[in-house]
Amino acid sequence: MKPISFVARGGTGSVDRGNVSADQNFTAIQASAGGEYSFNLRQSDIVRYGRAGTNLEITLADGRVILLENFFDGSGTPVAKLYVSADTYISEVTLVDGANGELYGQYGVAETWGKYGAGDDLIFVDGTEVAHAAMGQEEEVSMLGAVGLLGGLGGVGTAAAVAGGIGVLGGVAGGGGGGGGTPVYVEPTVNDATVVIGGDDVTEADQVVEVTGTAQPGSQVVVTIGEEVVTVVSDANGDWSATFAGETFPADGGYAAGVVITEPNGTVTGLEGPSVTVDLTGPAINLADGVQSTGDLVTSADYSDGVEISGTGEAGAALTVTIGSVTHETVVGEDGSWSVTFSTSEVEGGEYETDVTIVSTDSYGNSTTTVETLVVDTISNVTFGGANGGADGVINGAEHGGGVTLTGTTQPGSSVVVTLDGVQHNATVDAQGNWTVRYSSSEVRTGDYTGNVSVTATDAVGNSSSTTGTVEFDTLVENYTINTTTGGSDNVVSASEALNGVNFGGTVEPGSTVMVNFAGIDRAANVAANGSWTVSYSAGEIPQSNGSTFTMTAVATDGAGNSSTLTQGVVVDNMAGSLTLSSAPIETDNIINAAEAADGVVVRGTSDAGNLVQVQMGTATVNVVTDASGNWTANFGASQIAGGQYTAPITATTTDAAGNSRTVTGSVEVDTEVRNLGVSVDNVTTDNVINGAERDDGVTFSGTTEAGSTSVVVTIDGVSRNATVNSAGSWSVTFPKNDLPDAEDTYQLQVAVTDRAGNTATASRDVEFDTFVNALSGGAVQEGSNTIFNASEIRDGITVSGQVEAGSTVTVDFGGATYNATVDANGNWTLDLPASAFSAEEYSADLVVNARDAAGNVDSLTQTIEIDAALPDTPEIFAETSVDDGYAAVWVQDSVDTQAVYEVAQDNSVTLIADENGAARVGGNNVFGFDEIVPDGSHLVVSATDAAGNVSSTFMALDDPGNSNIDMSSVNTGLAGLEIEAIDLTFAEDTNLTLSLNQIEAFAENSTTLAIHGGDDDTVNITGAVKTTATVSEGGQTYDVYTIGDDHTVLIDDDITVVI
């Protein structure tokens, strides 16, 4: 092996040269971004490219490996360019990733060089000296193996580092890659074959053409089929395969595949590949004759010779034509034409459309199916629908007079000829095939007969058909007469004859109807099967008349609708003269009330002069004679008129000289009493007592009276109001508050009614009023002469009491809460307000007392009370005056509160020893001098009392030279009421104070906080206390916070020693 020269040109244009060692199998070269690397190699000298991280491995035919370090960036993209050059030629190497991770080199003509000079720097004039030894699978140098060699490098080569950032790493000693021999050259070949793809069974997956062959490994293979081109690279074994599928699959046609192979050394070889035939398109089907799309129609004339269908298609294609269940087969001729004929037994005649299915299949198995429409029309049709004979189909006289119209149907576009009793006309046919023809009345004879009709139709394609029919004619009423008379022998209907009514009758054509009108009354006659007819009118339907003539009209209508009219005069004399009741209302309103009945009632009317008239009203009867003026008057006395509410019928009857009688009737209302008068007994209010609130809203009273009453007046306490009355007689009235009593008393409600007839009546009921609370007093009960409630007083609660109307309830509103008081039978009320209702402060508060009496009336009163539950500050002791064996005075800082001093003796007795009356004022302090020396062993309590009586005290420990212990583990009852809130140890030395929970709780009833003042020489023993993390600062001194018991707090000077 010989060294291989290479050139490295940096991004700045600097050029460095070096050699790949002939003695080492592995050479590493550091690549830089933007650099260009050219090796004196031919394409055939390189057998493999590989990627090892960011490094490029180049394996040569003689087994040597060149490693270009950092040739790729982190994403796998080259950062430098690679060239091979020999014999004055140079090719740029483009690296392409394969489908399975392989790396292939593609060689192209190097482009013009950049700004730093001509390409001569990278071009090698000499050939290469790389041995092409055959390399077995086990002798190949793997990528990982090549990288591993880096660890065993003996040393760098002769070119250690060069300008432009390109360095050369020397080969590994002891090189050689094993295996000798020359690599086998793979000849360019293509596998010849014939590929045919066609037919309906070919799926998308079947549409693949694969061309295969061999070539020198790494060769570029370009395969062309028609317009499609596929480029591949032969693999390491020299095999290649080009697949045409999807978008590269060739279109229909016959092709010879072309193959161009470019070997790595630039050798180009052209080969002819397999023949490829693609036919996936079905043959064409074109129709020329016999179907709807070609404008053809099978008529009766065509049908007799059979039905022929023809067209053109792909020569040699097999063709089937199917109509219904019949299929004919044929082959498209060389000229591309085809035809089939169906016999009349295979295709039915008639008028219809049916599918023609045509399937053509070519030699490759591709088929085309088309469906056409066969239109058959071998028949014509015509119908006769009848004439304009109405619902009965018979032409009557009226219909005949307007002419006769015949109708029927045929196929649209047909012509129709109609003959009626020898008279022929061409009919008119509309777009829907309806035909009509009209004959004038002069062309058709009258009478009762049957006319003969014949109709012939010829359709648009020449098919014809005929039909016949008849038309019934009946144009007049036959045998119509009147054969009866009225009024007996004189033809006059008298009153007695009228009692039996009148009858009319005659004859008519059987099947006819007869409608009779007499005296304005229409009535259908009874028509017998033989055509005789009769009709009767009752006595009540005969008009009253003094001999007038009335016309009877009879209209006959036969079965065909023809009509005829006959008349007859009827003379009627059935009246007994005139008779009327006066139209003027009796008693002006046609109602007789009680007052009018007492005066008697007059009934009036008219009749013929001198006629006797019998008048009956109710059950009473009066006979009167009509005066010369035709007026009559009937007087009914009070005794003849029964009292009550009812309708009295009135009847007047007269008889004329001929014996004819006449009667007229009427009626009058009798109403002599007021009915259904009452005042509602329901509660006026819920408890039937009207209270103040209900009075303020107004009160409604109600009741009933006779329906139609005209007036209901309601009175209470002298105030009257008109009530409203509905149609049923229910009345109601609302009195506003100002019209109602404001009292505690019972009042009478009076109701006065006038009914529609003018009758009057009254009714009444009692109504109770209670509109106010008649007594309310009271308030908070003061303890002693002080009007201010202090902390001790509110601690036990405050009593509120007073007087209220018996039967009332009382509530007290205080501090945002409502409390229910107790009320006894005499109206005394009382309530204890709890301590929780008050705040421990000084303030004024309203106490509102609310009362509601039994009737629901409410009243209230308000009392403002003064509360001072704020405790005074504990007295601040300024100094003490000591003498031998005791103390003569104590100095206390002055305040607005009243101060006093108590001695607590050794036996725990407590005695008042000084007050402000004997105190001297010195420099803002009250100096309390003692009448007797307070001996050692005693202690003091200084109290402060404010104006409200609230007390706050300080226990002052006095220094006792003989005993510094103060034991307060037991409760000293003598301290009760002093409200001790502070213990001052500052005036005693080395005090050792013992406190119990019981004594702490007994010190003060109004406070749960105790403060202890002292110094670092003092000790407080307080068993059960718990020290908290909180502190309190006051007057420059800090106090630790202890809790004890359920709710007590002890503040202890932080200088004091505390034992818990």
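This note sets out several points on a predicted model, for a colleague new to the structure.

1. **Annotated domains.** The UniProt record, an unreviewed entry, carries the annotation "domain: Bacterial Ig" for residues 304-377 and 796-865. Over residues 304-377 the chain is 64% strand and 0% helix, and the C-alpha atoms at the two ends are separated by 12 Å. Over residues 796-865 the figures are 63% strand and 0% helix, with the end C-alpha atoms 16 Å apart.

2. **The second largest pocket: volume and centre.** The volume of the second largest pocket is about 790 Å³. Its lining is formed by 31 residues. Nearest the centre of this pocket lie Thr874, Pro875, Glu876, His1013 and Glu1034.

3. **The second largest pocket: strands and composition.** Several strands each supply at least two residues of the lining. They are strand 71 (877-883), strand 78 (951-956), strand 80 (980-984), strand 82 (1009-1013), strand 84 (1026-1034) and strand 85 (1037-1044). By residue class, the lining consists of 13 polar, eleven nonpolar and seven charged residues.

4. **Gln899: position and burial.** Gln899 belongs to strand 73, which covers residues 898-904. Is Gln899 buried or exposed? Its relative accessibility is 2%, and Gln899 is therefore classed as buried, the cut-off being under 20%.

5. **Gln899: side-chain partners.** The side chain of Gln899 takes part in a polar contact of 3.0 Å with the side chain of Asn926. A further polar contact, of 3.4 Å, links the side chains of Gln899 and Ser895. Leaving aside residues up to four places away in sequence, Gln899 touches Val892, Gln893, Asp894, Asp915, Glu916, Asn926, Phe928, Ser943 and Ala944. Asn926 thus appears both in this list and as a polar partner of the Gln899 side chain.

6. **Gly253: position and exposure.** Gly253 is found in strand 18, which spans residues 253-262. How should the exposure of Gly253 be classed? Gly253 is partly exposed, because its relative accessible area is 24%, and that class lies between the limits of 20% and 50%.

7. **Gly253: surroundings.** With residues up to four places away in sequence not counted, Gly253 touches Val276, Thr277 and Val278. Gly253 and Gly350 are 97 residues apart in sequence, and their C-alpha atoms are 48 Å apart in space. Gly350 falls within residues 304-377, one of the two stretches that the UniProt record annotates as "domain: Bacterial Ig".

How values were computed: Residues numbered from 1 in each chain as written. Predicted model: local features only at pLDDT ≥ 70, side-chain atom pairs only at ≥ 80, totals over all residues. Heavy atoms only, no water. 1 Å grid on protein atoms, 1.4 Å probe; cavity = no way out; pocket = protein on both sides within 12 Å on 5 of 7 lines; lining within 4 Å. Points joined across faces, edges and corners; volume = space filled by probe spheres on them. Helix = DSSP H or I, 4+ residues; strand = E, 2+ residues; numbered from the N terminus. Nonpolar A, V, L, I, M, F, W, Y, C, P; charged D, E, K, R; others polar. Buried < 20%, exposed > 50% of the residue type's maximum accessible area, 1.4 Å probe, protein only. Contact = heavy atoms within 4.5 Å. Polar contact = N/O pair within 3.5 Å; in protein donor to acceptor, adjacent residues only side chain to side chain. UniProt positions renumbered as here; feature names shortened; annotations may be inferred.
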